[in-house]
Amino acid sequence: MSGPLLEIRGLAVVFPTRGGLVRAVDGVDLEVFSGECLGVVGESGSGKSVTFLAVLGLLRPPGRIEAGEIRFEGRTISGLPEAELRELRGRAIAITLQDALTALNPALTVEQQIVETIEAHDPDLPRGRARRRILRERAQELLRLVGIPEPARRLAAYPHELSGGMRQRVMIAIALSCRPKLLIADEPTTALDVTIQAQVLDLLAELRERLGTAIVLVSHDLGVVAEHCGRVVVMYAGQVVERGPTAAVIGEPRHPYTRGLLRSIPSIAEPERPIRPIPGQMADPIRPPPGCRFEPRCSLARPACRLPIALRPIDGGRAARCVEVAA
Amino acid sequence: MRAEAVEEGALARPAEAPAAPARSPFAADLRELLANRTAVLSIAIVLAVAAMALFAPWIAPHDPYEANLLRRLQPPVWLEGGEWAHPLGCDQLGRDILSRIVFGARVSMTIGLLVVAIAAVIGTTLGLLAGYLRGFVDVLIGRIVDTLLGFPYLIFAIGLMAAMGPGLANIVLALVLKEWVLTCRVARAETLAAREMDYVEAARALGASPARIMLGEILPNILSPVLVVATFRMATIVILEASLSFLGLGVQPPVPSWGSMVADGRAFLLDAWWVATLPGVAIFVLVLAINLASQGLRDVFDPRLKA
Amino acid sequence: MRPSALLERLLQLVPVLLGIALVVFLMMQATPGDPVELMLGDALATPEQREALRRDMGLDRPLPERFLHFLGNAATLDFGQSFHHRRPVADVILERLPATIELTLAAMAIAIAVGVPLGVVAAVRRDGWIDRLATILGLAGVSMPGFWLGILLILLFSVQLGWLPVSGRIGFGAEVPPVTGLLLVDTLLAGRPASFLEALRHLLLPAVTLGLAMAALLMRVTRTSMLEALRQDYVTFATAKGLPRRRVLIRHALRNALTPTVTVAAIETGTLLGGNMIVETVFGWPGLGRLVVEGIFTRNYPLVQAAVLLYAVTYVLLNLLADVLQTVLNPKVRL
């Protein structure tokens with residue numbers, strides 16, 4: 001394999017606020033390989049979504065990338081001018097947002113929202129009547145791809161006229177409309193009913209197989225990630241605290257935070273096991289703890305945890321940011 | 001996704017403000033208001049105009065009615081032919097423009113304050129009744145409100161002034177008859193929200209009479225949005241009064257009003273621009289100050305309305 | 001929009017229009033003096049003639065009956081004789097209407113053309129110099145009485161610079177045969193570009209004077225709603241799709257931001273209609289507004305009554321139009 005598809009090195013994202021500089025992402029390293037499915041897990045406020053908004057240059061001002069480098073197919077894309085970023089967005093890297101109801105424009109039909117994406121990236125479209133026909137066919141084909149029945153009829157619908165699962169599929173169809181190499185699915189199931197959640201996740205898995213699109217599954221739910229992703233990255237308070245092959249990380253978590261996350265989700269295998277939420281609150285993003293950021297909430301904390309700590313590699317392509325791991 | 005960044009901002013907040021020493025909320029509001037320099041300056045201007053109106057006879061350098069044709073259209077002091085005795089020059093009858101502007105503040109302030117105050121009382125009362133009693137009362141008041149909203153403001157006032165004839169009392173009446181509608185709508189909406197609150201439920205459960213609930217429980221809580229709207233509206237009222245006076249439908253001559261002074265000066269635009277324009281400056285400054293002041297008051301007393 | 005929804009909305013107008021008619025009717029009952037004397041003016045008449053006229057005008061009937069009569073007449077656009085002109089009120093109004101429509105439409109066009117783009121730019125470049133300037137101009141715009149602004153503009157552009165005429169609609173010799181009554185249209189229809197320019201030069205100052213306050217308000221509303229729209233997920237998603245920035249701003253953000261702008265625009269047409277009287281007086285514009293002001297001083301009550309009714313009904317209908325426009329802009333809105 002010739003290097004990762006997406007490579008993030010030392011990324012730091014800050015949001016100036018009245019109370020001080022919020023360090024939403026603080027020194028994140030990660031990579032995504034072609035065709036793989038990477039899970040990124042953490043509580044809200046862990047910086048997982050912000051990391052990938054930064055990749056696409058979608059940080060809302062005054063938020064900005066303070067340090068680090070983002071490379072896509074070996075080319076540095078952090079700090080690219082807006083015009084060049086625009087060419088990447090939707091075509092090379094696409095994203096779906098958490099709630100399709102708010103992410104889709106309420107005033108435009110499904111067709112309009114799909115078609116404008118294709119038009120933005122395909123300069124070879126013919127002019128005139130043929131153009132409209134081709135665009136409509138492609139839009140229908142996309143709806144069929146994401147498993148929407150009666151695509152011709154759905155094209156004319158407005159987002160609020162569709163069900164939640166259907167809207168999520170439309171958003172995925174839009175994201176895939178230009179066959180991106182990387183799809184970032186930000187909390188793709190959070191806004192959905194439990195029964196629909198599984199359908200959408202299966203759809204994403206199926207699309208990855210058929211189209212060869214790499215997928216980053218951003219979720220607060222380790223369970224969702226466990227089922228579909230080969231590798232997982234666990235984030236806490238703007239940092240990566242653990243990463244590795246999903247089976248290994250879940251089977252034998254090396255960071256206390258990962259263990260906490262595992263205990264906080266219901267398990268189908270052991271329905272009797274009590275669910276235990278992690279006690280305490282997410283670290284203050286303006287004045288984070290000096291050492292391990294999880295230290296104030298960690299039951300195993302000891303004085304050594306108050307010293308700065310780097311991600312420590314473990315055998316089997318794993319790493320964890322904990323003093324328990326031999327340096 | 002976006003929520004995440006917002007949440008992080010929210011998390012930061014507790015650490016941001018050191019625990020404030022206990023003090024009355026009003027003192028805190030006042031302190032915040034005083035920190036807003038634009039608001040303080042504009043409130044000072046409004047108060048200065050009010051004082052000018054109140055003490056006009058002592059402030060004005062001349063009698064505003066005293067005509068002297070020898071000084072007809074005399075220019076202001078900074079132009080050739082002007083003199084310090086009449087700093088803003090004289091009008092077509094040789095009356096001192098500065099003195100007339102000082103006295104003109106009386107009309108603007110009186111009508112502005114009276115209309116806003118009376119309309120606020122009527123509007124709040126009816127809005128409170130409509131919102132609390134609902135049913136027939138609400139429907140009836142709603143019909144009247146809808147009807148009056150169907151009239152453009154100035155058209156309504158002009159129609160009434162045409163029918164009733166000019167005069168200070170008639171202007172106040174014409175404007176109040178339309179103005180209360182806006183307060184009424186705000187008061188009704190606020191009442192609808194307030195009547196669902198726990199403290200109102202509690203008072204009702206304790207057997208308080210409707211009148212007692214409306215006056216004792218709801219009124220104090222809808223007062224601040226009503227007052228904020230009222231201060232904003234005063235700016236519009238001042239402009240409307242000036243417009244009516246400009247059309248000759250306001251206070252009758254020779255009583256000086258800024259609007260009619262501008263109208264009088266129109267005939268002399270070519271030779272004496274100051275007669276028509278200077279009273280307009282007074283209107284502009286007062287209205288601007290009211291607008292800025294009410295913005296400052298709103299930000300402090302009713303942050304929900306913040307744009 | 002479904003036709004039944006529109007019909008329902010139209011039916012809702014009935015009580016409002018009836019209420020407006022009642023208010024206008026009652027307004028004129030408050031007039032001092034005897035309508036018969038006013039009607040006669042200086043003409044001499046015997047007591048019998050006076051009595052006959054009183055009966056003709058229906059003044060001997062009870063008030064409710066007179067109101068029904070008034071309603072019936074209003075529905076057929078019969079507003080009686082204009083005291084002053086000795087002609088049907090409807091004719092006199094119709095003659096002056098095109099001038100006012102032209103002025104109002106021009107003012108509205110200026111307000112929208114200035115207010116909306118300025119609001120968009122102010123929101124997109126938030127806290128930039130355009131935003132600051134727009135805030136100041138917006139505040140000044142709503143704080144400035146229209147008649148004073150008109151006079152300042154005359155002083156600058158007519159008296160000082162001599163670029164634009166002080167009053168009227170068109171110069172001598174530039175007149176064209178009336179077709180629509182809108183001079184900008186008629187001069188073009190007549191194929192007289194010089195006359196068109198002449199009409200435009202006359203229209204400019206009054207239209208700017210009338211439109212500026214509305215432009216200021218539209219700017220503020222557009223800025224606020226645009227800032228709100230820019231915060232929405234659909235704008236982020238549209239950007240993430242790789243759409244050009246302009247398209248994101250206009251098709252996604254502005255389109256949704258226009259909903260409140262349209263509402264405010266409709267409400268503000270009330271200011272425009274009222275402003276007619278002021279601006280037409282300042283600029284000697286021969287329209288309905290000036291006719292009404294003249295009518296007040298000549299105590300031409302039937303004319304004033306009809307004009308007030310016309311203005312109010314127009315205002316109500318414009319608000320209906322805005323509601324319909326909302327459903328086009330925003331498919332989620334139902335009438």
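This report walks through strand pairing, a domain contact, a chain contact and a salt bridge in a predicted model.

## Strands at the start of chain A

Strand β1 of chain A covers residues 6-17. Strand β2 of chain A covers residues 20-32. The two pair in the antiparallel sense, over 10 bridges. They form a hairpin, and two residues lie between β1(A) and β2(A). One bridge can be picked out by name: A:I8 has A:L30 in β2(A) as its bridge partner.

β1(A) also pairs with strand β4 of chain A, residues 64-72. This pairing is antiparallel too and runs over seven bridges. Here A:L6 has A:F72 in β4(A) as its bridge partner.

## Two domains in chain A

The domain assignment splits chain A into two domains. Domain 1 is written in two pieces, 1-92 and 180-275. Domain 2 takes 108-178. The C-alpha centres of the two domains of chain A lie 26 Å apart. Their contact draws 18 residues from domain 1 of chain A and 12 residues from domain 2 of chain A.

About 1300 Å² is buried between domain 1 and domain 2 of chain A. Carbon and sulfur atoms give 67% of that area. On the domain 1 side, A:R91, A:P180 and A:L203 lose the most area to domain 2 of chain A. Together these three account for 31% of what that side buries.

## What the domain 1 side is made of

Which elements of chain A each supply at least two residues of the domain 1 side that touches domain 2? They are α2 (82-88) and α8 (194-211) of chain A. The largest share, eight residues, comes from α8(A). By class, this side of domain 1 of chain A has 10 nonpolar, three polar and five charged residues.

Charged residues are present on the domain 1 side, yet the rule finds zero salt bridges across the interface of the two domains of chain A. Across that interface, four residue pairs are in polar contact.

## Where chain B meets chain C

Chain B brings 42 residues into contact with 47 residues of chain C. The area buried between the two chains is about 3700 Å². Carbon and sulfur atoms give 80% of it. In chain B, the residues that lose the most area to chain C are B:F151, B:I155 and B:F284. Together they make up 15% of what the chain B side buries.

Across the interface of chain B and chain C, the rule finds zero salt bridges. It finds four residue pairs in polar contact there. Several helices of chain B give two or more residues to the side that touches chain C: α6 (135-149), α7 (153-164), α10 (210-246), α11 (258-265) and α12 (273-301). α12(B) gives the most, with 12 residues. The residues on this side of chain B divide into 28 nonpolar, 10 polar and four charged.

## A salt bridge across the sequence

Over all chains, the structure holds 42 salt bridges. One of them joins the side chains of A:E43 and A:R297, at 3.2 Å from N to O. Why does this pair tie together parts that are 254 residues apart in sequence? A:E43 lies in the loop between β3 (37-41) and α1 (48-55) of chain A. A:R297 lies in the loop between α11 (256-263) and β11 (312-314) of chain A, so the salt bridge links those two loops. Side chains of opposite charge can pair when their charged atoms come close.

Definitions and conventions: Residues numbered from 1 in each chain as written. Chains lettered and ligands numbered in written order. Predicted model: local features only at pLDDT ≥ 70, side-chain atom pairs only at ≥ 80, totals over all residues. Heavy atoms only, no water. Pairing = 2+ DSSP bridges. Helix = DSSP H or I, 4+ residues; strand = E, 2+ residues; numbered from the N terminus. Domains from an automatic or database assignment. Contact = heavy atoms within 4.5 Å. Buried area = accessible area lost by both parts, 1.4 Å probe. Salt bridge = Lys/Arg side-chain N within 4 Å of Asp/Glu carboxyl O. Polar contact = N/O pair within 3.5 Å; in protein donor to acceptor, adjacent residues only side chain to side chain. Nonpolar A, V, L, I, M, F, W, Y, C, P; charged D, E, K, R; others polar.
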